[in-house]
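The following exercises concern the reading of a protein model. Please study the sequence and the structure before attempting each task.

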Amino acid sequence: MYVSQVKLIGVKMYPENANHFDATVTSSDQNIVALDAMGYAHAKARGTVTITLTEKLTGTVQSFSIEVGDGEVSGISYDFLSQYYYYEGEAVNPDNFRVYKVYESGKKELLEKDQYTIQCPEAAEDGSVVKISYIYNEKEYKKDIELLVVEDEIASIEVTENPSKTTYFYGEKFDTGGMKVVRHMKSKRDFEIEDYEYDQNPIDINQNSIEIRYQDFTTSVAITSKAEFEVSTNEALQAAINQGAKSIKFNGWHSTTTPIILENVSDLIIVGDECELIGNNILPIKFVGNVNNVRIVNMKISVDNSENNLCLNTDELTGGSISFENCTFSAP
């Protein structure tokens with residue numbers, strides 16, 4: 001017998017016309033083979049037992065042995081090592097399947113990979129089938145596995161090739177030229193994205209990255225931002241302004257008797273680095289004409305004469321827009 005098998009233990013008396021007999025059947029180990037009141041033997045575990053038949057009136061005893069094992073190989077089965085479903089288009093990995101030979105008892109024995117053959121589709125799609133074949137004692141056992149295939153999804157996005165330009169002056173706009181963005185799918189496939197979105201505002205002070213967006217996913221590309229000119233004297237600052245600079249970094253402490261003049265200037269950023277500009281009996285910054293979209297950042301602006309307590313000369317300013325960010329103004 002094999003484990004879980006049930007067999008009827010038949011009792012036959014001789015002569016065949018004998019009557020008024022009383023026979024009992026017992027098992028030497030009920031944990032291996034258990035007998036029920038109907039005379040059925042239930043194989044419970046592997047091992048060997050002795051079945052004894054006793055006729056009570058005559059004391060006649062007969063016995064025989066039953067060996068319980070796993071029986072013959074009845075087929076093959078499988079399970080998944082890691083994933084039990086595939087995304088559409090995903091490569092099917094034969095190493096994801098564990099294959100067993102199954103005995104009549106229900107016992108499963110893991111097969112080595114070289115003991116069976118497995119045929120997988122190149123990529124999962126609706127109706128994909130994995131075919132497994134195992135030959136044992138010249139008999140072939142087969143199993144077809146119809147894969148559960150779900151719609152592919154985006155796992156993440158990534159900038160795989162940086163743009164040609166990664167260093168910018170303050171106020172410039174990001175250039176995507178040469179940049180490649182891909183979406184990584186859960187199927188482990190990659191596709192290039194062309195309709196991504198990104199911040200098209202001018203590059204700001206100390207900005208070091210640009211966010212790239214696609215659907216609900218984001219990534220970024222590293223950039224370097226800096227001033228077009230870096231100066232340390234009033235004269236150099238005025239010269240850069242006169243040359244049409246769009247961004248200037250101004251370093252140091254300066255006391256001046258000549259104002260910095262911004263005349264008909266537009267789209268300019270002046271960033272101070274531990275910078276203080278002091279007007280010596282003058283207003284240190286003078287705006288003339290139409291001064292539009294000018295930002296002055298991180299500067300201390302002051303006068304040393306209490307009669308000139310405004311710090312900025314706007315008498316000749318005709319219009320435009322000027323912003324002061326993280327700046328302080330002081331006068332005696």
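Four exercises follow, each with a worked solution, and all of them rest on a predicted model.

**Exercise 1. The largest nonpolar core**

Task: State how many residues the largest nonpolar core has, and determine which element supplies the largest share of them.

Solution:
- Step 1. Begin with the total: the largest nonpolar core comprises 26 residues. Ile241, Leu262 and Met299 have the most contacts inside this core.
- Step 2. Identify the contributing elements. At least two residues each come from helix H1 (234–242) and from the strands S24 (247–256), S25 (260–263), S26 (266–279) and S27 (285–303).
- Step 3. Name the main contributor: S27 provides eight residues, the largest share of this core.
- Step 4. Examine one member in detail. When residues up to four places away in sequence are not counted, Leu262 touches Ile241, Leu268, Ile270, Ile285, Lys286, Phe287, Val288, Val291 and Val294.

**Exercise 2. The second largest pocket**

Task: Describe the volume and the lining of the second largest pocket.

Solution:
- Step 1. The volume of the second largest pocket is about 190 Å³.
- Step 2. List the residues that line this pocket: Tyr170, Gly171, Glu172, Pro202, Ile203, Asp204, Lys246, Asp267, Leu268, Ile269, Asn293 and Arg295.
- Step 3. Assign the lining to elements. S26 and S27 are the elements that give two or more residues, and the largest share, three residues, comes from S26.
- Step 4. Sort the lining by class: five residues are nonpolar, two are polar and five are charged.

**Exercise 3. Two asparagines compared by accessibility**

Task: Decide whether Asn313 is buried or exposed, and classify Asn281 by its relative accessible area.

Solution:
- Step 1. Locate the residues. Asn313 lies in strand S28 (residues 312–325), whereas Asn281 belongs to the loop between S26 and S27.
- Step 2. Apply the cut-off to Asn313. Its relative accessibility is 17%, and buried means under 20%, so Asn313 counts as buried.
- Step 3. Apply the cut-offs to Asn281. Its relative accessible area is 47%, and therefore Asn281 is partly exposed.
- Step 4. Find the contacts of Asn313. Apart from neighbours within four places in sequence, Asn313 is in contact with Leu283, Ile285, Lys286 and Phe287.

**Exercise 4. Positive phi values**

Task: State what the phi values of Asn264 and Asn281 are near, and where Asn264 is found.

Solution:
- Step 1. Recall the general rule: most residues other than glycine have a negative phi.
- Step 2. Read the values. Phi is near 50° for Asn264 and near 65° for Asn281. Each value is positive in a residue other than glycine.
- Step 3. Place Asn264: this residue is found in the loop between S25 and S26.

Note on methods
Residues are numbered from 1 along each chain as its sequence is written. This is a predicted model: local features need pLDDT of at least 70, side-chain atom pairs count only at pLDDT 80 or more; totals for chains, interfaces and linings use all residues. Side-chain values use heavy atoms; hydrogens and water are left out. A nonpolar core is a set of buried Ala, Val, Leu, Ile, Met, Phe, Trp, Tyr and Cys residues joined through side-chain atoms within 4.5 Å. Buried means under 20% relative accessible area, exposed over 50%, partly exposed in between (1.4 Å probe, protein chains only). Helices (H or I, at least four residues) and strands (E, at least two) are DSSP runs, numbered from the N terminus. Contact means heavy atoms within 4.5 Å. On a 1 Å grid over the protein atoms alone, a cavity is a set of points where a 1.4 Å probe fits but cannot get out, and a pocket is an open set with protein on both sides within 12 Å along at least five of seven lines; lining residues have an atom within 4 Å of a point. Grid points are joined across faces, edges and corners, and a volume is the space filled by probe spheres set on the points. Ala, Val, Leu, Ile, Met, Phe, Trp, Tyr, Cys and Pro count as nonpolar, Asp, Glu, Lys and Arg as charged, and the others, Gly among them, as polar.
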